[in-house]
Every structure is written in C-alpha cells, then in structure tokens.
Amino acid sequence: MIRHHAKIVLPALAVVLVAVPALAAGGDLGVVEKQPINLSAIAMFLAFVLLTLGITYWAATRTRSASDFYTAGGGITGFQNGLAIAGDYMSAATLLGLSSLVFAKGFDGFIYTISFFVGWPIILFLMAERLRNLGRFTFADIASYRLDQSKIRTFAALGSLAVVCFYLIVQMVGAGQLIKLLFGLDYAVAVILVGVLMVVYVTFGGMIATTWVQIIKACLMLGGGAVLTLLALSHFGFSLEAMATSAVASHKEGIAIMGPGSMLADPVSAVSMSLGLVFGTAALPHIMMRFFTVPNAREARKSVFVASGIIGFFFLLVCILGMAAITIVGTDPQFFEGGKVGGKLLGGGNMPIMHLSKALGGDLFLGFLSAVAFATILAVVSGLALAGASAISHDIYARVIKKGQCSEKEELRVSKLASLVLGALGVVLGIMFEKQNVAFLVGLTFGIAASANFPILILSMYWKGLTTRGALWGGLAGLISAVTMVILSKAVWVVVLENPAPIFPYEHPALFSMTLAFLVTITVSKLDKSARASAEIAAFDDQYVRSQTGIGAAAASGH
Amino acid sequence: MSDPIYEQVRGNPKFAQLVKRRGRLALLLSAIVLVSYYAFMMVVAFAPQVLAVPLSEGGSLTIGAPIGAAIIIISWLLTGVYSHFANGPFEQLNNDIVRETLK
C-alpha cells in the first residue's frame, strides 16, 4: 500500500486541499465497497441536518435583501467569519487526505501540510483588506471595478462558474463515494441527498445559513480532531518521541519516514503544486466571497487571524494523528482486507484516520467522525452553490444582461433559481461521473483559479497599468494554457485517454500557466494605447484610495 | 475625472503615511513567510539529510519536526502582528483620514 501511494502522490496531494473527491481522484477509492449501514453515524448526521435546517429556517426570516442573501448583510463578525473560513478550508480531504499522506509517507506528508498552510498569511498581508474594501458581492466586482463592465465581468463570472462547476463535481463524486463507504447508503441516494440539502440551505437561508453551517462544522471537526489527538497521545503516554519511535518500528520504511523522502525530489513539481494551491485557493470564488460577509477591513483582518490560527492548529493535529495511525492502524489486522497487515487498507488509502477513530474511540466515535465528514461536504458544496448562484444572478443577469436595471427582488429570484439549477446540475453530473477518475477536475479547478482568475484579480488591485484588453488576453492565455496542460498531463492523457506517457510531465500547471497569464496580461496592457485604456489607468488612483481606506465601501455592506 | 473626495484623500499627508507604513509592514511580513517557507523547501529538495538529523542521540524525532511546526506557528503569529498594527495604530490613522475627509 505504501508503494501504491508513492505512485499516486501528486493526485493525493491535490486531493488533500480539494476534498474528499480527491479520494476518488487518488484512484484509491475508485469504486468503493458498500458498507453495512452504520446506525450511530446516521443518527448523528441526522442530528446535524436537523440543527442546520433549524438554522436555515431562522436565517430565512432574516434574509430579505440581496445583500443579506449574498453576504449575510455584511453582519458576520471577524471571529465568526474566521471560523467559517476555517470551515471552508478544513475540508473532509484535509482530515482524510493529509492524515493518510502522513500515514503513508511520514515527514513528506508534513511538508505538504505546511505548503497548504502558508498561503493564508499571504492572503492576509496582500489581499484581505483590499478584497473587503473593493468587493461587494462577487470577485467579479473587484476585477471589473475600473475595467469594462460587460467584458471583464462576464469573463470573471464565467471563470468563477467554471471553478464552481468542476469543484462541485469533484465534491459530489467524493460525497457519493464517502457516504457509500461510511454510511452504507447507495451512491445515487447519497448524491441526491447532498444536492437537495445544499439547495435548501442556499435558496432559503442564503449566506447566513451557509455561514452557520460552516461554523458548526468547523467546531465539530476541531472538537473531534482534538479529542482524537488526546486519545492518540494517551496511547503513547503523552510522549511524541514514544509515538515517533513506535511509528518508525511499525513502518516499512523505518527511520526514513522521519526525514524528507522521495516525494519532493523534483523541485519543479513541488513549486508548481504549491503555487497552484496557494494562489488557486486565494482565487476560489467561495473563499473570496467570505471576505464580503464582514462589515469592514478591520473585521476581515481579524477573520484571517482567527482562521489561520484554527487551520494551523488543526493541521498540526492531523499530522500527529497520521503518525499515531502508523502504529495503531498500520499494525492491526482488523483494518486490512483479509486481515493481511501491510496489504490493502479497508475502504482504501484515505481511511487511516477513520480506522484510528474506531481503534481509539469505538464505533460511536467512528460514527461521529463519519457524520462530521458528511457535514463537511455539505458545507463546502453550499458555499460553492452560493458563489455560483451569485456569479449568475449578480454578475451575468443583473449587471451584464440587465445593465444594472433590475430590481433587487428580481435579482434574488434569479439567484435562487440559479442555485436550484446548480444543485440539479451537481446531482446529474455527480451521478454521471460516478465511475470516472476525477483527479483531472481537481487539477482543472486549481489551474483555472490560479491562472485565469488570480492574475486578473491581483493585478486589478495592485497594478495601475492594467487594461481591459490586457486582462482579457491574459485571462484567456491562463485559461487555455492551464486547460491544455491538464489535458496533456498524466491525469487526463494517461489515466483518462489511456495514452502510454504524458506529454506535459507535471501534474500541476500553475508554475507555467500562471506565469504566462501574468506575462500576457502585462504585455498586452502595456501595448494598449486606446482611449479606454488610458481612462482605465486614470481610474486606478481613486480605486487605490478606496482599496486602502475603505472610503466609498461603507455603503457596500448595506447598513 | 477624479472624485473630489478621493482627490482630497490623496492630498492628505496622512494617507501617504498610512499607505507607506502599512504597505511596508505587509511586504516585510510576506517576505519573512515566503523566504522561510521557500528556504525550507529548498533544503527539502537539495539537502534533505539536514532535516533528518535526530533531535536527541538515538531518538526518532528529527529536527525537521520542530522546524516545520515553527513555520506554521510563526506564520500564524505574524498574522497576529499584522492584525495588531493594521487594526490598531494604522486603523486609527485610517479613521482620522476618513473623518477629515467626510466632515
């Protein structure tokens, strides 16, 4: 199983951030065995669903304006938003994927965990206050602030939608597989259940309900992780050294797992992957949207401080859990197929932490953690659906088609309709992709976010010289190159199209496609001598004042 | 065609001061995080044995473990440093600018 893991390292990494689906993406879950129905897990999950439906009902009574719907009226505090951001980021894949990487690869898993973290401080230092001061409902608001409303807004909205749809498929497929495995439900039933709940949360409760679902889920995950870590530490007399010594004795590779291994032998892949994850994350529409839910830049900063504290703490716990699992799960025949230690892990390579919870806390704790994993998927898809719906209703319908001439009520109706359509689409695509390897969708999601959306976003905030023409050409260059490289990479060219060898040797395109997008955007902008271009450049100074001081943004929170 | 309010802010020396000081802090902190992270990654790629040295004679934990944990913890503490200054003295300065402009 360890050797098997070495081969799937890159997709597994991608998975980590991306979520459960990556499970499937790693090729590890593939088509999983349906498990016997787990009653305690289902009971706990039902309790979660009832609680969140109650919150949705309460949120619905408070969701009246478009601003309530998209951004909870800007009324979320920094602390609450920090929890919700952490909830968005600590996906089921973080819990399952990172811990299984440590379980399989030791220190290399830890290095990846660090890579997934360092983006957060950078988002705070360079982006948080400008995002808050310039944005209203969507990322396209910022990108099109001083550029051509219909062109750039359409491009940015389509970029968001592409990211949302690919990510949604990945989540849906992962949800179906995981639920089938943990709860013993049918794949299709699981996918439909996720789709229905997501639509209910979003259409009735909007951002208020979505935020609270995230907050509750973040607390459950943090609590569950902390208790499990305490149980694991007590197993080794609260000594990390004892845990490490035992892990070294239990692992095939022995002492080698305590230092950097073969996974990162190629710095180009490592850097490309980390660029894609860091800047792709910064440009995920549902993550950016969270910055518009707080009343001002001050609370936005506070929320990143809280979020990164929780994420960092949780990531460290996850690594300890992965290390504990090496001994506790890795030497226990009950967790291996046919009871063969060192063979194939029951349920696939992403399950060590689930088995660990069973070994340390029994069926009840396993049920709890399964329910948390399901809750996590629900929370993430809700955020995605809301981001997609706002791109359709706010950007494309209200701003581009109606040129801002439509009533708030009409815009709200369109966004609810849009979330219904996205929900249906998610279910249909989720079922269609059941037997597919969705690893390439993970690459596409982050490739497009980092290469098509991020360069436009960051340059629009930082570079005076950006013009509409430059942003369009650069965005297209990033989009096309990212998609092409993913198609030519192993995940599609070899795994899906069954060619013998990949044409593009790396799993992640960001190092190349993002660089290209920046170069094209800057060159075309510089060559753009049109009258519109000079007006756009002149408009930067006012935008700059607003991005720094928030003057003019106060109205954006709608209070 | 500039909005007179924004024009006025740009003329305010406090604005130049805010932008310069807060921008410098943001850049400095970003540099600390990125340099330490990429330095760590370069050691991983080119001198991995450095991180595999045991913490104690004959022990299993290596110095890579506390170094890695330190990158996470220090980066987080730096977000605290930034929030402290940006939400404290700089926010004060910002509020002054807003007040002087909108009075």
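Q: In this predicted model, which element of chain A has the lowest confidence and which the highest?
A: The model is predicted, so each residue carries a pLDDT from 0 to 100. In chain A the minimum lies in helix H3 (residues 21-25), at a mean of 35. The highest value, 96, belongs to H22(A). Lowest, then, is H3(A); highest is H22(A).

Q: Over which residues of chain A does pLDDT stay under 50, with 111 contacts beyond four places in sequence?
A: Chain A as a whole averages a pLDDT of 87, and 92% of the residues score at least 70. Residues 555-559 of chain A stay under 50, but the model has nine contacts beyond four places for them. Where pLDDT is low, the predicted coordinates should not be read in detail. The stretch with 111 such contacts is residues 1-30 of chain A.

Q: How does the radius of gyration of chain A stand against the globule rule, and what is its value?
A: Chain A has 24 helices and zero strands. For 559 residues the globule rule gives 24 Å, and the chain comes close to that, so it is as compact as a globular protein of that length. Its C-alpha atoms fill a box of roughly 70 × 50 × 40 Å along the principal axes. The radius of gyration of chain A is 23 Å.

Q: What radius of gyration does chain B have?
A: Chain B has four helices and zero strands. Its C-alpha atoms fill a box of roughly 70 × 25 × 15 Å along the principal axes. A compact globule of 103 residues would have a value near 13 Å. Chain B has 22 Å.

Q: What percentage of the residues of chain B count as buried?
A: A residue is buried if 20 or more other C-beta atoms lie within 10 Å of its own. In chain A, buried residues make up 67% of the 559 residues. For the 103 residues of chain B, the figure is 31%.

Q: Which helix of chain A gives the most to the largest nonpolar core?
A: That core has 234 residues. A:Val194, A:Ile311, A:Leu356 and A:Leu378 have the most contacts inside it. Beyond four places in sequence, A:Val194 is in contact with residues including A:Met172, A:Ile377 and A:Leu378. With 29 residues, the helix that gives the most is H17(A), residues 352-401.

Q: How many residues of H20(A) are buried?
A: Helix H20 of chain A covers residues 468-488. At 1.5 Å a residue it should span 30 Å, and its end C-alpha atoms are 30 Å apart, which agrees. The helix is largely enclosed by the rest of the structure, because its buried residues number 15 of 21.

Q: Is A:Pro500 buried or exposed?
A: A:Pro500 is found in the loop between helix H21 (490-494) and helix H22 (510-527) of chain A. Its C-alpha atom is separated by 36 Å from that of A:Ile192. Exposure needs 12 or fewer C-beta neighbours within 10 Å. A:Pro500 has 6, so it counts as exposed.

Q: Which element gives the most to the side of chain A that touches chain B?
A: The contact takes 38 residues from chain A and 43 residues from chain B. Elements giving two or more residues to the chain A side include helices H8, H9, H14 and H16 of chain A. By class, that side has 25 nonpolar, seven polar and six charged residues. With ten residues, the element that gives the most is H16(A).

Note on methods: Residues numbered from 1 in each chain as written. Chains lettered and ligands numbered in written order. Predicted model: local features only at pLDDT ≥ 70, side-chain atom pairs only at ≥ 80, totals over all residues. Contact = placed C-beta atoms within 7 Å. Nonpolar A, V, L, I, M, F, W, Y, C, P; charged D, E, K, R; others polar. Rg over C-alpha atoms; globule rule 2.2 N^0.38 Å. Core = buried A, V, L, I, M, F, W, Y, C linked by C-beta atoms within 7 Å. Expected span 1.5 Å × (residues − 1).
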